[in-house]
Amino acid sequence: MIRKAVERFQRELRLLTDERFQHPGIIKLLAYTTDDNPWYISSLGTPFIKYWDEQSKRLESQLDQLALLAVKQLAQILEGLALLHEAGVIHRDIKPANTVTIDSTSGGVPQAALIGFWSSF
């Protein structure tokens with residue numbers, strides 16, 4: 001069981017370090033190792049459900065803005081997903097728990113990104 005988990009983690013690490021998959025809609029790694037005890041550190045993101053709950057409350061009286069935000073977030077995820085599919089990679093577990101929103105520190109639009117690639121390929 002542990003061996004399978006390590007193999008899946010290593011596949012995820014290979015995918016996330018592959019230059020073909022460096023895209024804002026796919027979580028970015030900041031540091032990693034591929035030795036006997038592989039690990040990685042990714043960009044910090046807010047879990048999608050928490051992010052969406054906060055935005056829904058913030059924009060509850062501005063439903064047009066909330067809908068626009070939903071479309072933007074979905075488009076960001078779909079752009080990353082399209083890149084994966086073009087290369088023959090299937091995520092296999094797309095759900096809110098496998099997406100995060102990365103806050104922009106430069107005043108730009110927050111970026112939605114896919115995570116949870118353990119079951120890909």
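**Exercise 1.** In this predicted model, locate proline 47 among the strands and classify its exposure.

*Solution.*
1. Strand S3 spans residues 46-47, and proline 47 belongs to it.
2. The relative accessible area of proline 47 is 46%.
3. Buried requires under 20% and exposed requires over 50%, so proline 47, at 46%, is partly exposed.

**Exercise 2.** Which residues does proline 47 touch, leaving out those up to four places away in sequence?

*Solution.*
1. With those positions left out, proline 47 touches Thr99 and Val100.
2. For valine 100, the separation from proline 47 is 53 residues in sequence, while the C-alpha to C-alpha distance is 4.6 Å.

**Exercise 3.** Place histidine 91 in the fold, decide whether it is buried or exposed, and find backbone partners for its side chain.

*Solution.*
1. Histidine 91 sits in the loop that runs between helix H3 (63-86) and strand S4 (99-102).
2. Its relative accessible area is 0%. The limit for buried is under 20%, so histidine 91 is buried.
3. A polar atom of the histidine 91 side chain is 3.1 Å from the backbone nitrogen of aspartate 93.
4. The backbone oxygen of isoleucine 115 is 2.8 Å from a polar atom of that side chain.

**Exercise 4.** Describe the largest nonpolar core and the contacts of phenylalanine 117.

*Solution.*
1. The largest nonpolar core contains 18 residues; among those with the most contacts inside it are Leu15, Leu16, Ile26, Leu84 and Phe117.
2. Two or more residues each come from helix H1 (2-17), H3, S4 and strand S5 (111-114).
3. H1 contributes the most, four residues.
4. Not counting residues up to four places away in sequence, phenylalanine 117 touches Glu12, Leu15, Leu16, Ile26, Leu84 and His91.

Definitions and conventions:
Residues numbered from 1 in each chain as written. Predicted model: local features only at pLDDT ≥ 70, side-chain atom pairs only at ≥ 80, totals over all residues. Heavy atoms only, no water. Buried < 20%, exposed > 50% of the residue type's maximum accessible area, 1.4 Å probe, protein only. Polar contact = N/O pair within 3.5 Å; in protein donor to acceptor, adjacent residues only side chain to side chain. Contact = heavy atoms within 4.5 Å. Core = buried A, V, L, I, M, F, W, Y, C linked by side-chain atoms within 4.5 Å.
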